[in-house]
Amino acid sequence: MSKKKLIRNAYILTMDDVRREFVGDLLIEGGVIREVAPTISAEDAEIHDATGCVLTPGLVNTHHHLYQTLTRAVPGGQDALLFGWLQTLYPIWSRFGPEEMFISAQVGLAELALSGCTMTSDHLYLFPNGSRLDDTIAAAGEVGLRFHATRGAMSIGESDGGLPPDSLVEEEQAILEDSIRVVDAFHDASEGAMVRVALAPCSPFSVSRDLMRDAALLARDKGVMLHTHLAENDEDIAYSQAMFGCRPGQYAEELGWTGDDVWHAHCVKLDGSEIELFARSKTGVAHCPCSNCRLGSGIAPVREMRDGGVKVGLGVDGSASNDAGNLILEARQAMLLQRVAKGADAMSAREALEIATRGGAEVLGRHDCGQIAVGKRADIAIWDTRGIESAGSWDPAALLLAGPVKVKDLFVEGRQIVSSGYITSIDVPLLVERQNRLARGLME
């Protein structure tokens with residue numbers, strides 16, 4: 001098979017530095033975009049005809065809990081606020097083991113791929129019954145997505161005034177030791193890396209002040225990024241003010257949790273001073289609009305963040321608080337919520353798509369991804385606009401207004417992992433069967 005691939009006749013949304021859009025061709029070789037132009041000649045290349053399709057950078061998911069695909073639509077948590085939702089689900093999650101982690105991750109990754117996602121982070125913060133971060137990294141390797149695994153942690157259980165049951169928390173020294181292990185074993189700092197690792201204590205209310213500070217010091221010693229939940233809802237703000245005597249942004253800054261190597265999930269309740277802090281320090285935000293709606297957390301001030309210079313990417317969040325992992329629909333929801341809050345001209349379809357691609361890559365520190373440009377990694381989504389969803393659309397680039405919501409073809413590092421709407425790397429029907437069997441076992 002030819003090492004070169006030539007995608008022809010696509011409407012290309014580059015998301016490059018000048019945001020070019022044109023009908024043309026794209027040449028891939030060695031996992032990298034070698035040429036983008038109206039017409040490319042490459043006689044030795046494998047041809048992919050994209051007539052009638054829109055080509056975008058692969059979407060980037062900056063926040064997920066993949067293990068939660070096993071606990072979608074759990075009745076006791078369907079209508080609960082964040083803290084009550086957690087208390088419903090923790091006992092179920094405590095029954096997970098390595099198989100549950102591996103299979104649920106594969107399901108979540110396959111779902112993301114079908115929605116145009118080529119790179120995702122995953123926040124795994126509980127490790128019951130022998131589970132390890134290794135389980136989800138192995139799952140990503142089989143599916144073929146670019147993967148940023150974050151080694152999460154909880155250390156304050158119910159007996160110490162925390163939310164999680166004591167069976168789901170770890171000793172802080174053990175957390176730090178395993179963090180070193182996974183970084184040394186899996187983190188790849190090189191350009192084009194398929195796996196990177198970040199350190200990610202679950203939240204300021206599930207670990208100690210010491211662990212937050214120690215994790216920041218360790219991450220910087222190892223040269224990896226930091227991630228946690230922050231300012232998600234009113235309960236979160238009240239907890240921070242009661243326990244720490246300050247707002248979440250101030251707490252993060254005091255402990256070394258701001259900077260261009262940090263990104264926080266949600267940030268629904270950031271105030272103006274915190275937005276200015278994040279912009280000044282180049283701290284990133286993973287915006288999770290569907291989960292924020294589902295849990296009634298509110299509408300994140302994304303317009304203010306973007307206008308203020310904060311790096312913003314998108315996250316589908318876990319499937320127990322979103323119930324779906326469709327990243328293109330997440331981008332649409334982000335656009336719609338800003339319009340609800342600020343008016344119909346608050347966010348265009350193109351800007352929301354930029355947040356979902358280039359924006360997410362910038363949040364994850366991946367300047368080798370997120371754009372269709374020469375020298376960038378060949379992470380590419382191709383959307384067929386000849387179907388019923390897009391029929392009658394005047395603007396092929398307005399995917400978030402007129403679909404489609406499922407990708408036709410998907411390339412990661414130049415390798416095709418979705419072809420004509422089907423995952424090529426794994427047996428999806430068998431995977432779904434295994435996932436449903438595990439879910440039934442948890443219900444018993």
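How much area does the protein expose, and what share of it do carbon and sulfur atoms supply? Switch on the surface of this predicted model and you are looking at about 16300 Å², with carbon and sulfur atoms supplying 51% of that area.

**The whole chain**

Now select everything and show the C-alpha trace. Its atoms fill a box of roughly 65 × 45 × 45 Å along the principal axes. Change to cartoon, and 14 helices and 17 strands appear. The radius of gyration is 21 Å, close to the 22 Å that the globule rule gives for 444 residues, so the protein is as compact as a globular protein of that length.

Next, colour by burial: 61% of the 444 residues are buried. If you draw contacts with a separation of 6 or more, 75% of them join residues 24 or more positions apart.

**The charges**

Select the charged side chains next. You will find 41 positive and 62 negative ones, and the centres of the two sets lie 5 Å apart.

**A stop at helix α6**

Zoom in on residues 234-244, which form helix α6. Which residues of this helix are buried? Show D236, I237 and S240 as sticks: these three are buried. They cover an arc of only 100° around the axis, which puts them on the same side of α6.

Turn to the other side of α6 and select D234, A242 and M243, which are exposed.

To finish, add β10 (225-230) and α7 (248-254) to your selection: the buried residues of α6 pack against both of these elements.

Key: Residues numbered from 1 in each chain as written. Predicted model: local features only at pLDDT ≥ 70, side-chain atom pairs only at ≥ 80, totals over all residues. Heavy atoms only, no water. Helix = DSSP H or I, 4+ residues; strand = E, 2+ residues; numbered from the N terminus. Rg over C-alpha atoms; globule rule 2.2 N^0.38 Å. Buried < 20%, exposed > 50% of the residue type's maximum accessible area, 1.4 Å probe, protein only. Contact = heavy atoms within 4.5 Å. Areas by Shrake-Rupley, 256 points an atom, 1.4 Å probe, with all protein chains shown as cover. Lys, Arg positive; Asp, Glu negative; His and termini not counted. Charge placed at Lys NZ, Arg CZ, Asp CG, Glu CD. Arc of directions from axis to C-beta.
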